[in-house]
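How is a structural term justified by the values computed behind it? The exchange below takes several such terms in turn.

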Amino acid sequence: MTKSELILRIGELNPHLYQRDVERIVSTIFEEITTALARGDRVELRGFGAFSVKRREARVGRNPRTGASVSVARKSIPFFKTGKQLRDRLNGK
Amino acid sequence: MSEHTVTRAELSEAVYQEVGLSRNESADLVESILKEVTDALARGETVKISSFGSFMVRQKGERIGRNPKTGQEVPIRPRRVLVFRASHVLKSRVNDGIGKAAP
């Protein structure tokens, strides 16, 4: 399923809404999650999962081809942990 | 860093602010979107949200694990797990720190 298929589906379930509003609703949700993570906040959606930001310290890495040392700057990466209910759903429980 | 946890309530509030629907209907829409994503994943589909990321279902084979407390070997049944891969857009927004407004 893609984002546009999700929008179509939500539109079908809500025939009283304009398609462009459905588009805005879906985009707003993912945009809110993104902005929260960019602030360093966690997003917890019980039953679905939790998004958080993990920090990676600066380290000395290596170019695997040449073996030369390169310094890798410290960075933050988005992380998702599946919620219990969703994990159970995936396994037919 | 001030760490705050965003929940469904805030997502619904954002939808409420953005579109002229009632708070109740906004909350129902948030729920319904999460449900559609969950249902697709339960069917084994990959869910790709452009400029956000993709959720993929991976099949894991059976393996022998150990109870860390007793050291006893226990089989871990084959199972399906969910993997989230953040898009480049999300990764770079998270790295740039400050939450930027949508383009």
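The following questions and answers concern a predicted model.

Q: What makes up the secondary structure of chain A and of chain B, and which patterns do the two chains follow?
A: Chain A has three helices and five strands, arranged along its sequence as α-α-β-β-β-β-β-α. Chain B comes to three helices and six strands, and its pattern reads β-α-α-β-β-β-β-β-α. A run counts as a helix from at least four residues and as a strand from at least two, so the two residues of E1(B), 5–6, suffice for a strand.

Q: How do you know whether chain A has the radius of gyration of a compact globule?
A: The globule rule, 2.2 Å times the number of residues to the power 0.38, gives a value near 12 Å for 93 residues, but chain A has 19 Å. Chain A therefore does not match the value expected of a compact globule under this rule. Its C-alpha atoms fill a box of roughly 60 × 35 × 30 Å along the principal axes.

Q: What does the globule rule give for chain B?
A: For 103 residues the compact value would be near 13 Å, whereas chain B has 19 Å. The box filled by the C-alpha atoms of chain B is roughly 55 × 30 × 25 Å.

Q: What share of each chain is called buried, and why?
A: In chain A, 43% of the 93 residues count as buried; in chain B, the share is 35% of 103 residues. These residues are called buried because their relative accessible area is under 20%. As for the exposed surface, chain A presents about 5,600 Å² and chain B about 6,500 Å². Carbon and sulfur atoms supply 50% of that area in chain A and 50% in chain B.

Q: Why are E3 and E4 of chain A called paired strands?
A: Pairing requires at least two bridges, and E3(A), residues 59–62, is joined to E4(A), residues 69–72, by four, so the two strands pair. They run antiparallel, with A:Arg62 opposite A:Ser69. E3(A) and E4(A) form a hairpin with six residues between the strands, where A:Gly67 takes a positive phi near 80°.

Q: What makes E4 and E5 of chain B a pair?
A: Four bridges join E4(B), residues 63–66, to E5(B), residues 73–76; the requirement is at least two, so these strands pair as well. Their direction is antiparallel, and B:Ile64 stands opposite B:Pro75. This hairpin has six residues between its strands, and B:Gly71 in the turn has a positive phi of about 75°.

Q: Which strands form the open sheet, and what makes two of them edge strands?
A: The sheet has four strands in the order E5(A)-E2(A)-E1(A)-E1(B), with mixed pairing. E5(A), residues 75–82, and E1(B) are edge strands, since each pairs on one side only. Within this sheet, E1(A), residues 42–45, and E2(A), residues 49–56, run antiparallel and are joined by three bridges. A:Glu44 stands opposite A:Ala50 in that pair.

Q: How far apart are the centres of positive and negative charge in each chain?
A: Chain A has 20 positive and 10 negative side chains, with centres 11 Å apart. In chain B, the mean positions of 17 positive and 13 negative charges are 11 Å apart.

Note on methods
Residues are numbered from 1 along each chain as its sequence is written. Chains are lettered from A and ligands numbered from 1 in the order in which they are written. This is a predicted model: local features need pLDDT of at least 70, side-chain atom pairs count only at pLDDT 80 or more; totals for chains, interfaces and linings use all residues. Side-chain values use heavy atoms; hydrogens and water are left out. Buried means under 20% relative accessible area, exposed over 50%, partly exposed in between (1.4 Å probe, protein chains only). Accessible areas come from the Shrake-Rupley method with a 1.4 Å probe; for residues, only the protein chains shown count as cover. Lys and Arg count as positive and Asp and Glu as negative; His and the chain ends are not counted. The place of a charge is taken as NZ of Lys, CZ of Arg, CG of Asp or CD of Glu.
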